[in-house]
Amino acid sequence: MQDLSMPPFTTPSTVLPVSVSQDADPLEVWERIVAPKYLRHRQLMVAATTAHGLAAMEYAPPARGERVLDVGTGTGESALLLAARVGPRGRVLGVDGSASFLELARQDLTQSGYSNVAFAELDAGRHAFGPSFDLCFSQFGTMFFEQPGAAFRNLRGALHPGGRLLMSVWRSLSHNDWLGLAKGVAERTLGAVPEDAPSCGPGPFSLASPDTVHALLGAAGFGNIELQEVRCDVNIGDSVEQATDFALDLGPAGEIVRFFDDADGRARVRAGLAELFAQHLGPEGIQLGSASWIVSATHS
Ligand SMILES: C[S@@+](CC[C@H](N)C(=O)[O-])C[C@H]1O[C@@H](n2cnc3c(N)ncnc32)[C@H](O)[C@@H]1O
């Protein structure tokens, strides 16, 4: 029987933090700023995103033999999970704008033995794919497009008539305590990040509003647009220290700490986070609520 479970993955090496210019584009921010931190916490992040991505794959399963585009594949776990579902006659192309993510994805692909998966480094919002896919899937890779209207039109163009879009996107921060509680601590300690600071695009919560999703996808030519909520607790660390490191690096709290770039401020946020997470430490580590939308739509 085909193994549909999460494959084992390569542990990344540590990368030193860097900064980017004020006018850096989102893909540069992903590659130079976010990827090194994301990869440091790969196990936790991917377990969290995959819990939601698997729910999407179960909600609207890819069929055997289908050709699937996996947008913002990151380190490629979702591409391998899709490959198991479409089978040897199907094909999966995992695309991402970040070379460091894809380097790990390719290493794991080699070890996985799948021959129906390929990865490509490109901007999924702009690349001219041609109408060659049955399914455009994305596990949290579509919220960062600088020009979402044009990007979703572009993704529709990757589908042949009758093709489907299936994506997981985060609900708002108030539904995602695993990121939101830490943001509260960082913001109370250091303040808010200005709107015009360099960022990895509109951000993880840019598709949280069903109205926005309907407007963007409708304008891009998609039909049968539906949203289905997924809720689950995710683990952000087995210890207070691990959860604190996670929150200092990633999510809105990590962005605040990076923006203020102040050792004393960082130490104060660390202390606040440790206090917060100590209150949530249970037998299975620090588990906090998360919520996403499964968005499904068709090329119409
Ligand atoms: C939150 S991560 C999700 C990664 C992976 N799908 C997962 O669930 O772990 C978002 C991914 O989208 C990629 N990404 C962001 N904008 C992109 C774009 N315009 N084109 C291709 N990839 C993009 C980032 O490089 C990153 O790997």
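Student: Which residues of α1 meet which residues of α2?

Tutor: On the α1 side you'll find Tyr38, Leu39 and Arg40, and they meet Arg42, Met45 and Thr49 in α2. Keep in mind as we go that this is a predicted model.

Student: What kinds of residues make up that contact of α1 with α2?

Tutor: By class, there are 3 nonpolar, 1 polar and 2 charged residues.

Student: Why are α1 and α2 called roughly perpendicular?

Tutor: Start with the angle: helix α1 (residues 26–40) and helix α2 (residues 42–59) pack at about 90 degrees, and their axes are 5 Å apart. Angles from 65 to 115 degrees count as roughly perpendicular. The two helices are therefore roughly perpendicular to each other.

Student: Now α8 and α10. What makes α8 oblique to α10?

Tutor: Same approach. The axes of helix α8 (residues 240–249) and helix α10 (residues 263–278) cross at roughly 130 degrees, coming within 9 Å. Roughly perpendicular stops at 115 degrees and roughly antiparallel needs over 145, with the rest counted as oblique. That makes α8 oblique to α10.

Student: What is the handedness of that crossing, left or right?

Tutor: α8 passes α10 in a right-handed crossing. As for the contact, α8 has 7 names to look up in the structure, so here they are: Val240, Ala243, Thr244, Asp245, Ala247, Leu248 and Asp249. Their partners in α10 are Arg266, Val269, Arg270, Leu273, Ala274, Phe277 and Ala278. Sorted by class, the contact of α8 with α10 has 9 nonpolar, 1 polar and 4 charged residues.

Student: How do α2 and α3 pack, and which residues make the contact?

Tutor: α2 and helix α3 (residues 77–86) pack at an angle of about 35 degrees, with axes 10 Å apart. Arg42, Val46, Thr50, Leu54 and Met57 of α2 make the contact with Glu77, Ser78, Leu81, Leu82 and Arg85 of α3. By class, that contact of α2 with α3 has 5 nonpolar, 2 polar and 3 charged residues. α2 passes α3 in a right-handed crossing.

Student: Let's turn to the ligand. How many residues surround the ligand, and which are the closest?

Tutor: The ligand is surrounded by 19 residues, and the closest are Gly72, Asp96, Asp123, Ala124 and Gln139.

Student: What makes the pair between Gly72 and the ligand a polar contact?

Tutor: A backbone N or O atom of Gly72 lies 2.8 Å from a nitrogen atom of the ligand. A polar contact is a pair of N or O atoms within 3.5 Å, so this pair qualifies.

Student: And how far from the ligand is the side chain of Gln139?

Tutor: An N or O atom in the Gln139 side chain is 2.8 Å from an oxygen atom of the ligand. For Gly97, a polar backbone atom is 3.1 Å from a nitrogen atom of the ligand.

Note on methods. Residues are numbered from 1 along each chain as its sequence is written. This is a predicted model: local features need pLDDT of at least 70, side-chain atom pairs count only at pLDDT 80 or more; totals for chains, interfaces and linings use all residues. Side-chain values use heavy atoms; hydrogens and water are left out. Axes are lines fitted to C-alpha atoms, for helices over the stretch in contact, and angles run from 0 to 180 degrees between N-to-C directions. Helices (H or I, at least four residues) and strands (E, at least two) are DSSP runs, numbered from the N terminus. Angles under 35 degrees count as roughly parallel, over 145 as roughly antiparallel, 65 to 115 as roughly perpendicular and the rest as oblique. A crossing is left-handed if the near helix is turned anticlockwise from the far one by less than a right angle, and right-handed if clockwise. Contact means heavy atoms within 4.5 Å. Ala, Val, Leu, Ile, Met, Phe, Trp, Tyr, Cys and Pro count as nonpolar, Asp, Glu, Lys and Arg as charged, and the others, Gly among them, as polar. A residue is near a molecule or strand if one of its heavy atoms lies within 4 Å of it. A polar contact is a pair of N or O atoms within 3.5 Å; within protein, one must be able to donate a hydrogen and the other to accept it, and residues adjacent in sequence count only if both atoms are side-chain atoms.
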